[in-house]
Amino acid sequence: MKRFVCMFIIAALGLALCACTHTPASVPTPAPAESPAAPQFSLIPATPAPQESGSMADIFADGGTELGEADGVTYYEERVFYPEGADEASALFTLEYTLPVFGGGFIGADNANAEVAEYKDELLTRAAEEYLPYADGEGAAYARVISRVTRAGGLTNIFLSEAAVFGDADTKLSAIVLDAFGERLSLASAAMVYEAEPLAAQQIFNMIEASPSAATYGDVTVDTIALAIDIYSGFFAAEQGYGVIIPAGAIAAEEQGALSFIIPKDAFYPECV
């Protein structure tokens, strides 16, 4: 009997030593302070006019290597005049867009093209229902979309810069992230966590608190940051982790433009101790 009790105690101690303590997804764990892959902070400048071709790599400097024709990626341009039936001379509003086409050299090309087609449908609807009503016929009113495709960490980013111009320009930055088969990922599925917003928000809050310009963010909280995160169109893959795009004015002054925060992959996973 004593021998059995001893064996039971030894086995219980062994299980206790091997156990991992998991932090719930709703309580984000900050990245270790001395981690070699410390979170990086970068500012995406607001632009008064649509970016010209080639500048997307500058805006999303952490988004990996740009893909081109040799990788099965080309681009096409289209222009649409509104209202329906208008031409260039009579249009109240003009939509111009440059979007990628994925060819045979790109694995998952059909899936990737389907995602681009879905974005295009949403863009055309947005132009007709949201942009056109603000076009009063006085001055040039238009929207322009440019795109760039990059690869980082085994994933593909389709970066999109959508600028609506009604005198002043309102530029929105977004991304579509694809897996190795061209299927779209959310931040949660890419990072393989159940709740990505609170984890990412806590990491961003930590970066802001450590920043010399923390005072410019006012009373920003983890909750306000989480509300500003779009886990479908507001992130991109980076070699060192995932970039989260916060829209201009969401957590800082509008004139600061959109903000980009690079979060290491390890910061999304609970620690084992």
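Which residues does Thr94 touch, not counting residues up to four places away in sequence? In the predicted model, these partners are Arg79, Val80 and Phe81, together with Ala141, Tyr142 and Ala143. Thr94 itself belongs to strand E4, which spans residues 93-102. With a relative accessible area of 15%, Thr94 falls under the 20% limit and therefore counts as buried. Tyr131 lies 37 residues from Thr94 along the chain, and the C-alpha atoms of the two are separated by 9.6 Å.

The setting of this site is a protein with six helices and 11 strands. Of its 273 residues, 42% are classed as buried. The accessible surface amounts to about 14500 Å², and carbon and sulfur atoms account for 57% of that area. Among contacts between residues at least 6 apart in sequence, 63% connect residues at least 24 apart.

Five aromatic pairs were identified in the model. One of them is formed by Tyr82 and Phe93, whose ring centres are 6.0 Å apart. The planes of these two rings meet at 50°, a value that is neither under 30 nor over 60 degrees, so the pair is tilted. Because Tyr82 lies in strand E3 (residues 73-82) and Phe93 in strand E4, the pair ties together parts that are 11 residues apart in sequence. Both rings belong to buried residues: Tyr82 has a relative accessibility of 9%, and Phe93 has a relative accessible area of 0%. Tyr82 and Phe93 also form one aromatic cluster with Tyr131, the residue whose C-alpha atom was compared with that of Thr94 above.

A further pair consists of Tyr242 and Phe268, with ring centres 5.9 Å apart. Here the planes stand at 75°, which is over 60 degrees, so the arrangement is edge-to-face. This pair links distant parts of the chain, 26 residues apart: Tyr242 is located in strand E10 (residues 241-246), whereas Phe268 occurs in the segment after strand E11 (259-264). Tyr242 and Phe268 are both buried.

An arrangement of a charge over a ring is also present in the model, involving Arg148 and Tyr75. Arg148 lies over the face of Tyr75, at 5.8 Å from the ring centre.

Definitions and conventions: Residues are numbered from 1 along each chain as its sequence is written. This is a predicted model: local features need pLDDT of at least 70, side-chain atom pairs count only at pLDDT 80 or more; totals for chains, interfaces and linings use all residues. Side-chain values use heavy atoms; hydrogens and water are left out. Helices (H or I, at least four residues) and strands (E, at least two) are DSSP runs, numbered from the N terminus. Buried means under 20% relative accessible area, exposed over 50%, partly exposed in between (1.4 Å probe, protein chains only). Contact means heavy atoms within 4.5 Å. Accessible areas come from the Shrake-Rupley method with a 1.4 Å probe; for residues, only the protein chains shown count as cover. Rings of Phe, Tyr and Trp (its six-membered ring) pair if their centres lie within 6.5 Å; planes under 30 degrees apart count as stacked, over 60 as edge-to-face and the rest as tilted. A charge sits over a ring if NZ of Lys or CZ of Arg is within 6 Å of the ring centre and within 35 degrees of the ring normal.
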